[in-house]
Amino acid sequence: MKKSFYYICTALVLLGFSCNKILDTTPQDFVSPVNYYNTESELESALAGVYDRLGDNRVYAQGMASYLVVSDEFFMKNQTSGINANIIDASTLEINRHWEALYTGIERANMLLENINKAQQVSEAKRNEIKGQALFLRAYYYFLLTDEFGAVPLKLQSSKSPEEAPLPATPVKEIYDQILKDMKEAQGLVRSVSDYGYNTRITKTTVQGILARVCLTMAGSSLKDVSKYTEARAYADSVMQSGVHGLNPDFKQIYVNHVKEIFDTRENLWEVEFKGTSQGEIQEGGTIGSYNGITCGNIDTGYGYDYVHATAKLYNAYANGDLRRDWTVAPFRFVTTGNTVVRTAWNATEIYERSNGKWRREYETVLPRNQNFTGTNWPLLRYADVLLMFAEADNYLNNGPSEKAYTAINMVRRRGYGKDVLTPDTQADAPAGLSQQDFQELIVNERLRELAFEGLRKHDLIRWGIYPSVMQVQAREYQMNMPTALRDPATAQAQRVTARSVVFPIPNSELAVNPNIRQNSGW
């Protein structure tokens with residue numbers, strides 16, 4: 001069963017909607033921060049407001065599962081206009097709302113951090129636990145912002161007056177320094193996932209795993225600080241040595257659990273929680289499995305918009321015997337005629353017609369189903385990702401893969417082939433004796449196979465410094481080999497990824513009120 005956080009809306013005031021395990025949805029009165037943050041329940045409610053922005057429609061409920069993370073793993077079928085067609089400028093609504101959602105999360109975190117010690121009757125241990133989560137979330141929102149927009153205003157205090165002067169953009173290096181500072185402090189404050197039994201709160205291994213991701217990003221194209229490979233490997237190794245995580249032996253079960261709203265804290269270190277179908281007073285549903293799911297025109301079966309389609313590059317990346325392929329790339333669609341729905345297999349040559357198959361709505365337990373909304377959680381960090389990050393950092397530091405790097409990547413690969421992850425296997429295991437360059441290429445492709453459709457591929461291509469070039473290759477591939485009915489829109493989507501696309505434009509909503517910030521190059 002799920003445990004749900006409290007949700008609130010805050011600006012300079014707080015409106016609390018308690019949404020805990022018993023789904024108490026009675027709205028509280030508007031209250032000033034002066035009169036808030038006094039009890040444990042108020043601190044928890046404020047903390048939930050910080051978490052809440054993760055589930056915004058332009059963050060992980062939809063945008064960062066589809067149109068904001070266009071890469072070589074998928075295209076948006078027959079989309080020729082707007083954000084779905086990868087047409088972006090500073091006025092694009094989804095970019096503006098994405099920016100606003102992340103800064104709202106930061107503002108809420110700042111307010112909580114500034115007021116947390118007002119609750120003197122709350123134990124120091126509890127306040128530290130809440131403080132650690134707020135520090136981490138503030139840092140994570142800044143990680144997303146600087147990863148996606150480059151230099152942005154670094155705001156570490158809440159707004160006290162509308163007359164405050166707007167902040168200029170802070171250099172990327174300084175933002176990352178603050179991200180590391182906040183996350184490292186949080187590591188010593190938050191609890192173990194074992195203390196919760198669910199993974200939608202920040203825990204010690206969550207912090208360590210995301211620190212590994214941050215350090216690999218800093219080592220990559222944005223800063224080229226290769227000293228961070230050492231920290232990335234150490235943080236990933238800390239997760240591996242914790243004893244609280246491991247690979248689910250059945251790859252497909254990871255996603256069945258998401259759809260069934262079952263927590264698997266060994267495989268999944270951190271998830272964004274969604275619940276229900278956003279009907280009535282409870283507005284906690286996301287669109288995972290509907291907006292980015294298997295094509296289906298029937299609500300009772302599980303409606304799937306015909307948007308997110310796999311590329312031939314993704315499909316062909318899987319070797320014979322790799323069980324991940326036909327779960328990740330759905331080998332069927334649902335053909336609807338009136339009230340009749342028939343599960344229909346794709347022909348072997350119909351690759352570009354296939355949808356994202358990871359989150360299959362047939363496993364939903366909340367009935368009746370809704371066309372748009374599902375309770376399916378979104379994975380932010382899986383143990384397989386940690387193993388692959390360790391292998392990548394270790395390969396760099398040793399000028400080639402060590403035995404530990406091979407063990408880490410082979411565990412992921414063995415699971416993909418349905419093998420025991422601790423037993424060497426000639427079919428699944430990576431070739432021995434690879435050079436540093438060849439092993440890195442293996443990691444590039446293994447991350448594609450393992451983490452497809454999970455919102456990380458674009459980020460990876462950018463940190464490796466190859467996003468525009470890879471997408472231009474994709475454009476040529478679409479032009480030459482994609483069926484005529486799909487070709488032109490997909491080609492145009494990929495062609496729009498150029499040198500400027502490694503960052504989004506600074507939104508007009510910010511430029512209009514902040515004379516101290518400048519537009520990103522090329523936008």
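Start by selecting Leu456 in this predicted model. Leu456 counts as buried because its relative accessibility is 11%, and buried means under 20%. Leu456 sits in the loop between helix H12 (436–451) and helix H13 (457–463). Show the residues around it: setting aside neighbours within four places in sequence, Leu456 is in contact with Arg213, Asp385, Arg447 and Leu451. Now add Gly289 to the selection. Gly289 and Leu456 are 167 residues apart along the chain, and their C-alpha atoms are separated by 17 Å.

**The largest cavity**

Next, select Met64, Asp147, Glu148, Gly455 and His459. Of the 23 residues that line the largest cavity, these lie nearest its centre. The volume of this cavity is about 270 Å³, and the structure holds four cavities of 30 Å³ or more. Which element gives the most to the lining of the largest cavity? Helix H3 does, with five residues. H3, strand S8 (378–382) and H13 each supply at least two residues of that lining. Colour the lining by class, and you should find 15 nonpolar, three polar and five charged residues.

**The nonpolar cores**

Stay with H3, residues 124–149, which provides 13 residues, the largest share, of the largest nonpolar core. That core has 142 residues. Select Tyr60, Phe136, Leu137, Tyr140, Met183 and Trp270, which touch the most other members. Then pick out Met183 alone. Not counting residues up to four places away in sequence, Met183 touches Phe136, Ala139, Tyr140, Val207, Ile210, Leu211 and Val214. For a second, separate core, select Ile294, Cys296, Ala330 and Phe332, which are among its five residues.

**Gln187 in helix H4**

Now select Gln187, which lies in helix H4. Is Gln187 buried or exposed? Gln187 counts as buried because its relative accessibility is 19%, and the cut-off is under 20%. Display side chains here: the side chain of Gln187 makes a polar contact with the side chain of Gln208, at 3.0 Å. Apart from neighbours within four places in sequence, the residues in contact with Gln187 are Lys204, Val207, Gln208, Leu211 and Tyr235.

**Asn199, in the loop after H4**

Follow the chain to Asn199, in the loop between helix H4 (172–187) and helix H5 (204–219). Asn199 is buried because its relative accessible area is 0%. What lies 2.8 Å from a polar atom of the Asn199 side chain? The backbone oxygen of Asn268 does. Asn268 is also in the list of contacts made by Asn199 beyond four places in sequence, along with Phe263, Asp264, Thr265, Leu269, Trp270 and Glu271. Trp270 has appeared before, among the core residues that touch the most other members.

**Helix H7**

Finish with helix H7, residues 251–260. How many of the 10 residues of H7 are buried? Seven are, and the helix is mostly covered. Select the buried ones: Phe251, Ile254, Tyr255, Val256, Asn257, His258 and Val259. To see what covers them, show strand S4 (268–272), helix H9 (325–328), S8, helix H11 (403–416) and H12, which are included in the cover. S8 also contributes to the lining of the largest cavity. The last stop is Glu261, which follows H7 and has a positive phi, near 60°.

Key. Residues numbered from 1 in each chain as written. Predicted model: local features only at pLDDT ≥ 70, side-chain atom pairs only at ≥ 80, totals over all residues. Heavy atoms only, no water. Helix = DSSP H or I, 4+ residues; strand = E, 2+ residues; numbered from the N terminus. Buried < 20%, exposed > 50% of the residue type's maximum accessible area, 1.4 Å probe, protein only. Polar contact = N/O pair within 3.5 Å; in protein donor to acceptor, adjacent residues only side chain to side chain. Contact = heavy atoms within 4.5 Å. Core = buried A, V, L, I, M, F, W, Y, C linked by side-chain atoms within 4.5 Å. 1 Å grid on protein atoms, 1.4 Å probe; cavity = no way out; pocket = protein on both sides within 12 Å on 5 of 7 lines; lining within 4 Å. Points joined across faces, edges and corners; volume = space filled by probe spheres on them. Nonpolar A, V, L, I, M, F, W, Y, C, P; charged D, E, K, R; others polar.
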